[in-house]
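Thanks for making time. I will walk through one structure, chain A first, then the contact with its partner, then a few backbone details.

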Amino acid sequence: MTPPELRALLADSVALWGATARVTLDGDAVRVGEMRVTAAAPDDLPIRWWLERPGQKRPCTSVLGLLRSLRNGMGGGEARKLRVV
Amino acid sequence: MIPVVVLTGFLGAGKTTLLKRLLRDPGYADSAVIINEYGEVPLDHDLLASSEETFVSTSTGCLCCVVRSDLAATLMDLHRRRGLGEVPAYRRVLIETSGLADPAPILHALMTEQPVLETHRLEAVATLVDALHGAGALARHPEAQRQVRLADRILLTKPDLADTTALRAQLAALNPAAEPRDVLHGAVPADWLLAPAPRTDEWLDATARHSADLGSVIIQREAPIPAMALTLWLQGLAEHLGERLLRLKGLVCIAEAPEAPAVLHGIGHVMHAPTWLEAWPSTDHRSRIVLIGQGIPPWWPLRLLEAIEGEVLDASASSAEAMTPKR
């Protein structure tokens with residue numbers, strides 16, 4: 001996923017969570033408010049994304065994990081779980 | 001399996017009038033009726049049961065998965081009495097919801113309570129809309145909109161009292177798959193109202209024809225979707241769309257089994273396990289998924305699917321590479 005594609009996904013996600021944060025491109029990274037998301041290097045697998053906050057750098061192994069961490073970081077409220085019947 | 005038809009509609013839409021009429025019609029004989037509402041109007045019918053809505057707060061934050069045990073208990077008690085011969089052997093159940101109810105939790109009860117699942121099947125959701133006051137209710141009350149969006153059939157009541165042109169357009173925008181039918185004084189043909197909901201491919205085609213509807217998001221994909229990507233995507237939708245997602249239906253070409261489509265059907269965050277058609281219903285083998293909801297960013301579902309799919313395909317490629325013997 002390219003940084004512009006990631007920015008578009010994260011901007012929509014922030015809107016879905018009802019959060020307010022600017023989502024901007026920052027070189028190869030995407031800034032979401034005070035947080036910064038970068039793609040992990042291929043050698044970092046299974047880590048795919050790094051989520052940086054002031055004083056903290058958190059690994060995420062999937063885009064779903066990244067969204068979950070971002071949502072938690074922004075106080076986006078409790079997420080529902082998929083239920084299959 | 002006993003078919004269940006859910007009758008919903010906003011306050012004053014004419015649900016009780018319709019039920020009273022239905023219960024005198026031979027076409028609706030052998031029907032049990034459950035009124036899921038406070039202060040129900042007594043109906044002169046042997047099979048009338050009542051079920052008061054109970055809201056229970058749980059630590060999961062998910063009301064609809066646990067709450068409707070009252071409805072489930074009522075259904076199962078009726079079923080038990082039917083088995084014992086205490087009530088006539090009814091062949092279907094009609095559930096009338098509260099006018100203020102979001103029908104999704106009631107549908108969830110029918111989809112998730114195991115004893116109910118084993119004995120009943122949700123046949124269709126019929127929503128009544130008042131020709132005179134329907135537009136106002138839809139404009140002011142999200143519950144009224146959700147009732148329309150979840151409908152398999154829309155019954156336009158009191159059509160003789162108002163010009164329904166604008167209301168029909170409003171209904172088509174909310175739910176393009178359900179064409180409203182005029183209903184005068186509760187007269188509805190049984191074979192129409194009680195018929196199973198439209199097939200998924202018909203529903204998808206009808207909805208796709210009205211893609212300008214801002215409440216729907218339609219995804220069409222040429223490339224088959226890996227099963228793992230689809231599973232994770234559905235999980236992502238449930239997590240992040242929450243109550244914005246009212247209904248999801250789809251015919252999906254799964255990469256691991258592309259010869260026939262998987263049928264997806266979900267209400268909110270509750271999904272039926274996919275079923276499989278024997279073959280594609282037409283020469284169009286693209287995956288088609290429709291999400292009906294409110295406030296869903298139109299490109300978000302597709303962006304998420306592509307992001308997840310990219311990771312799944314990348315992981316598969318990495319695994320294959322790791323399994324290849326090095327020289």
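Starting at the N terminus, the elements of chain A follow the order α-β-β-β-β-β-α-β. That makes two helices and six strands; helices (H or I, at least four residues) and strands (E, at least two) are DSSP runs, numbered from the N terminus.

Before going further, the ground rules. This is a predicted model, in which local features need pLDDT of at least 70 and side-chain atom pairs count only at pLDDT 80 or more, while totals for chains, interfaces and linings use all residues. Residues are numbered from 1 along each chain as its sequence is written, chains are lettered from A and ligands numbered from 1 in the order in which they are written, and side-chain values use heavy atoms, with hydrogens and water left out.

Chain A has 85 residues, and 39% of them count as buried. Buried here means under 20% relative accessible area, exposed means over 50%, and partly exposed is in between, with a 1.4 Å probe and protein chains only. For contacts in chain A with a separation of 6 or more, 26% come from residues 24 or more positions apart; a contact is heavy atoms within 4.5 Å.

Now the strands of chain A. Strand 1 (residues 23-26) and strand 2 (residues 29-32) run antiparallel and are joined by four bridges. Two strands pair if DSSP finds at least two bridges between them. L25(A) has V30(A) as its bridge partner in strand 2. Two residues lie between the strands of this hairpin, and G27(A) takes a positive phi near 65° there.

Strand 2 of chain A also runs antiparallel to strand 3 (residues 35-39), with three bridges. V30(A) turns up again, this time opposite V37(A) in strand 3. This second hairpin has two residues between its strands as well, and G33(A) has a positive phi near 60°.

Staying in strand 3 of chain A, look at T38(A). Is T38(A) buried or exposed? T38(A) is buried, since its relative accessible area is 16%. Beyond its neighbours within four places in sequence, T38(A) contacts A29(A), R48(A), W49(A), W50(A) and E52(A).

After strand 3 of chain A comes a loop that leads to strand 4 (49-53), and P46(A) lies in it. The peptide bond between L45(A) and P46(A) is cis, with omega about 15°.

On to helix 2 of chain A. Eight of its 11 residues are buried, so the helix is mostly covered. Among the buried ones are V63(A), L64(A), L66(A), L67(A) and L70(A). Just after the helix, G75(A) takes a positive phi of about 65°.

Next, the interface. How many residues does each chain put into the contact? Chain A gives 25 residues and chain B gives 38 residues. The two chains bury about 2,700 Å² between them, 57% of it on carbon and sulfur atoms; buried area is the accessible area (1.4 Å probe) that two parts lose on being put together, summed over both.

There are 11 residue pairs in polar contact across the interface, both residues at pLDDT 80 or more. A polar contact is a pair of N or O atoms within 3.5 Å; within protein, one must be able to donate a hydrogen and the other to accept it, and residues adjacent in sequence count only if both atoms are side-chain atoms. On the chain A side, helix 1 (3-16), helix 2 (63-73) and strand 6 (83-84) each supply at least two of the touching residues. Helix 1 has the largest share, six residues. By type, the chain A side divides into 15 nonpolar, two polar and eight charged residues. Here Ala, Val, Leu, Ile, Met, Phe, Trp, Tyr, Cys and Pro count as nonpolar, Asp, Glu, Lys and Arg as charged, and the others, Gly among them, as polar.

The rule also finds three salt bridges across the interface, a salt bridge being a side-chain nitrogen of Lys or Arg within 4 Å of a carboxyl oxygen of Asp or Glu. One of them links E239(B) and R68(A), with the closest N and O atoms 2.7 Å apart.

Strand pairing crosses the interface too: strand 6 of chain A and strand 11 (residues 270-271) of chain B are parallel, over two bridges. There R83(A) stands opposite V270(B).
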